[in-house]
Amino acid sequence: MHPEARIVKVGGRELAVEDSGPDSGYPILMHNGAGSRHLFPPAVRAGKRAGFRLIGYDRPGCGRSTPAPGRAVADCAADIRAIMAEHGISRLAAWGSSAGGPYA
């Protein structure tokens, strides 16, 4: 049901990233609650119809992403830059739900 995670390297860590594609869709980085990268299939379908490309990732220490001890919310900026570089994205929008709100 969910696409296979793509591993993005950030320093000595790894982030598990889910990309709903298509590459031509305007990218929106999803910051979900409870450390889940999984994108909800109805949101992906609606996003694609609207021309969006939804991307989610496991925050450090969650799911398949390696921990970053002592990290703060603002530290996600380096992770986002790495995700953008790996996917060839120069601009994106951020969307946060629940505990992902502060990250967005």
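Q: Buried here means under 20% relative accessible area. With that cut-off, how many of the six residues of strand β4 are buried?
A: This is a predicted model, so the burial values are computed from predicted coordinates. Strand β4 covers residues 52-57 and is mostly covered. The number of its residues that count as buried is five.

Q: Which way does β3 run relative to β4, parallel or antiparallel?
A: β4 also pairs with β2, and there the sense is antiparallel, over three bridges. Between β3 and β4 there are five bridges. The direction for β3 and β4 is parallel.

Q: Which residue of β4 is the bridge partner of M30?
A: Start with the place of M30, which is in strand β3, residues 26-31. M30 touches several residues beyond its sequence neighbours, including L54, I55, G56 and Y57. Of these contacts, the one that is its bridge partner in β4 is G56.

Q: And which residue in β4 stands opposite V17?
A: Here we look at the pairing of β2 with β4, which is antiparallel and has three bridges. The β4 residue facing V17 is Y57.

Q: How far apart in space are M30 and Y57, C-alpha to C-alpha?
A: Along the sequence they are 27 residues apart. Y57 is still among the residues that M30 touches, as is W95. In space, the C-alpha to C-alpha distance is 7.6 Å.

Q: Is M30 buried or exposed?
A: The cut-off for buried is under 20% relative accessible area. M30 has 7% relative accessibility, so it falls on the covered side of that limit. M30 is therefore buried.

Q: What about S20, buried or exposed?
A: S20 sits in a loop, the one between β2 (13-19) and β3. Leaving out neighbours within four places in sequence, it is in contact with L39, V44, K48, R53 and L54. Its relative accessibility is 13%, so S20 counts as buried.

Q: How many disulfides does the chain have?
A: A disulfide needs two cysteine sulfur atoms within 2.5 Å. For C62, the closest cysteine sulfur is in C76, and at 13 Å that is too far for a bond. Seen from C76, the closest one is in C62, again at 13 Å and too far. The count of disulfides is zero.

Q: Which class does C62 fall into, buried or partly exposed?
A: Take C76 for comparison: its relative accessible area is 8%, so C76 is buried. C62 has a relative accessible area of 24%, and the limit for buried is under 20%. That makes C62 partly exposed.

Q: In what order do the helices and strands come, from the N terminus on?
A: The chain has two helices and five strands. Read from the N terminus, the elements run β-β-β-α-β-α-β.

Q: What is the radius of gyration of the chain?
A: The C-alpha trace spans about 40 × 25 × 25 Å along its principal axes. For 104 residues, a compact globule would have a radius of gyration near 13 Å. The chain agrees with that, since its own value is 13 Å.

Q: What share of the contacts with a separation of 6 or more comes from residues 24 or more positions apart?
A: The M30 and Y57 pair, 27 residues apart in sequence, has a separation of that kind. Over the chain, the share of such contacts is 70%.

Q: What percentage of the exposed area do carbon and sulfur atoms supply?
A: Buried residues make up 41% of the 104 residues. The chain exposes about 5,500 Å². Of that area, carbon and sulfur atoms supply 57%.

Technical notes
Residues are numbered from 1 along each chain as its sequence is written. This is a predicted model: local features need pLDDT of at least 70, side-chain atom pairs count only at pLDDT 80 or more; totals for chains, interfaces and linings use all residues. Side-chain values use heavy atoms; hydrogens and water are left out. Helices (H or I, at least four residues) and strands (E, at least two) are DSSP runs, numbered from the N terminus. Buried means under 20% relative accessible area, exposed over 50%, partly exposed in between (1.4 Å probe, protein chains only). Contact means heavy atoms within 4.5 Å. Two strands pair if DSSP finds at least two bridges between them. The radius of gyration is taken over C-alpha atoms; the globule rule is 2.2 Å times the number of residues to the power 0.38. Accessible areas come from the Shrake-Rupley method with a 1.4 Å probe; for residues, only the protein chains shown count as cover.
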